[in-house]
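Colleague: Please take me through one helix of this model in detail. I would like its surroundings too, and the spaces beside it.

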Amino acid sequence: MATQSPAGRRPPLTRQRVIDAAVALADAGGLQALTMRRLAQALGVEPMSVYYHVANKAQILDEIVDFVFAQIDLPTAQEPWKSAMRRRAISARDALVRHPWAAGLMDSRTNPGPATLRHHDAVIGKLRSSGFSIVLTAHAVSVLDGYIYGFALQEKALPFDSPETAAQVAEMILEQFPAEDYPHLAELTTEHVLQPGYDYSEEFEFGLDLILDGLERHLRADM
């Protein structure tokens, strides 16, 4: 239902309202739910009113990607590069959990917005000011972003969304094959996945620290 003013009239349509509504539609139903017609319906206006603020769906995608980039923590001048990259990576994954449609879209746009450009410039600038060469900076950005987006896509594709449902799915799968035929799979499932407190999302920070430790070794070798 569209928000209305105290006088009973809808607030004026703005570019920001269009973007917010587009993000809400994508969050609720994925990118396939984001059409100009549905967007206009969500805003309580005719489609032509939406086109006054955005040219087409491609521009909407540019805008909502920029919306997500604006939510990711940027490095600060004072903090060490390693903690800055760790904080930024965790913040990026959190944003992708809130907006699961974004993982496959973040670096796909050819008309990046100001938040997107500011984000990449800040990350590159932090690495360069911390002693990373141009080449090592490129390697660092590639491996970090590949891990962040790849983990988000894998997590989104899993057939469970909580520790409780993970255990249920694992037990169901175990019941479908003899443990003696697949002993290593059965061992990992029973001794790890089915243990109290297991949470797949915690794997993210373990892998992230491996990457950061590896980058630190390369940085020291270059100095």
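Modeller: Here is a close look at helix α7 and its surroundings.

This is a predicted model, in which local features need pLDDT of at least 70, side-chain atom pairs count only at pLDDT 80 or more, and totals for chains, interfaces and linings use all residues. Residues are numbered from 1 along each chain as its sequence is written, and side-chain values use heavy atoms, with hydrogens and water left out.

Start with the helix itself. α7 covers residues 134-157 and has 24 residues. Helices here are DSSP runs of H or I, at least four residues, numbered from the N terminus. From first C-alpha to last, α7 reaches 34 Å, close to the 34 Å expected at 1.5 Å a residue. That expected span is 1.5 Å times one less than the number of residues.

Next, the buried side. Buried means under 20% relative accessible area, exposed means over 50%, and partly exposed lies in between (1.4 Å probe, protein chains only). The buried residues of α7 are Leu136, Thr137, Ala140, Leu144, Asp145, Tyr147, Ile148, Tyr149, Phe151, Ala152 and Glu155. They pack against α4 (57-69), α5 (81-98), α6 (114-129) and α10 (203-222). Glycine 150 also lies in α7. Glycine 150 counts as partly exposed because its relative accessible area is 33%. Its C-alpha is 17 Å from that of phenylalanine 69, which is 81 residues away along the chain.

Phenylalanine 69 is one of the buried residues of α4. The others are Ile60, Leu61, Asp62, Glu63, Ile64, Val65, Asp66 and Val68. α4 has 13 residues and reaches 18 Å between its end C-alpha atoms, close to the 18 Å expected. The cover over its buried residues includes α1, α2, α5, α6 and α7.

Now the core. A nonpolar core is a set of buried Ala, Val, Leu, Ile, Met, Phe, Trp, Tyr and Cys residues joined through side-chain atoms within 4.5 Å. The largest one has 59 residues, and Leu39, Ile64 and Met106 have the most contacts inside it. At least two residues each come from α1 (15-29), α2 (36-43), α4, α5, α6, α7, α8 and α10. α7 gives the largest share of this core, eight residues. In soluble globular proteins, nonpolar side chains tend to be buried together.

Methionine 106 ties into this region. Contact means heavy atoms within 4.5 Å. Leaving aside neighbours within four places in sequence, methionine 106 is in contact with Val65, Val68, Phe69, Ile72, Leu96 and Tyr149. Tyr149 is among the buried residues of α7.

Arginine 93, in helix α5, is another partner. It is buried because its relative accessible area is 12%. Not counting residues up to four places away in sequence, arginine 93 touches Ile148, Phe151, Glu155, Ser201 and Phe204. Ile148, Phe151 and Glu155 are on the list of buried α7 residues.

That brings us to the spaces. On a 1 Å grid over the protein atoms alone, a pocket is an open set of points where a 1.4 Å probe fits, with protein on both sides within 12 Å along at least five of seven lines; lining residues have an atom within 4 Å of a point. Points are joined across faces, edges and corners, and a volume is the space filled by probe spheres set on them.

The largest pocket holds about 340 Å³. It has 17 lining residues, and Arg93, Glu155, Lys156, Phe160 and Asp161 are the closest to its centre. α5, α7 and α8 (163-174) each supply at least two residues of that lining. By class, the lining has ten nonpolar, two polar and five charged residues. Here Ala, Val, Leu, Ile, Met, Phe, Trp, Tyr, Cys and Pro count as nonpolar, Asp, Glu, Lys and Arg as charged, and the others, Gly among them, as polar.

The second largest pocket has a volume of about 230 Å³. Its lining has 13 residues, and Ala170, Ile173, Leu185, Thr189 and Val193 lie nearest the centre. α8 and α9 (183-193) each supply at least two of them to the lining. This lining has eleven nonpolar, two polar and no charged residues. Threonine 189 lies in α9, and counts as buried because its relative accessibility is 10%. Beyond four places in sequence, threonine 189 touches Ala170, Leu174 and Leu194.
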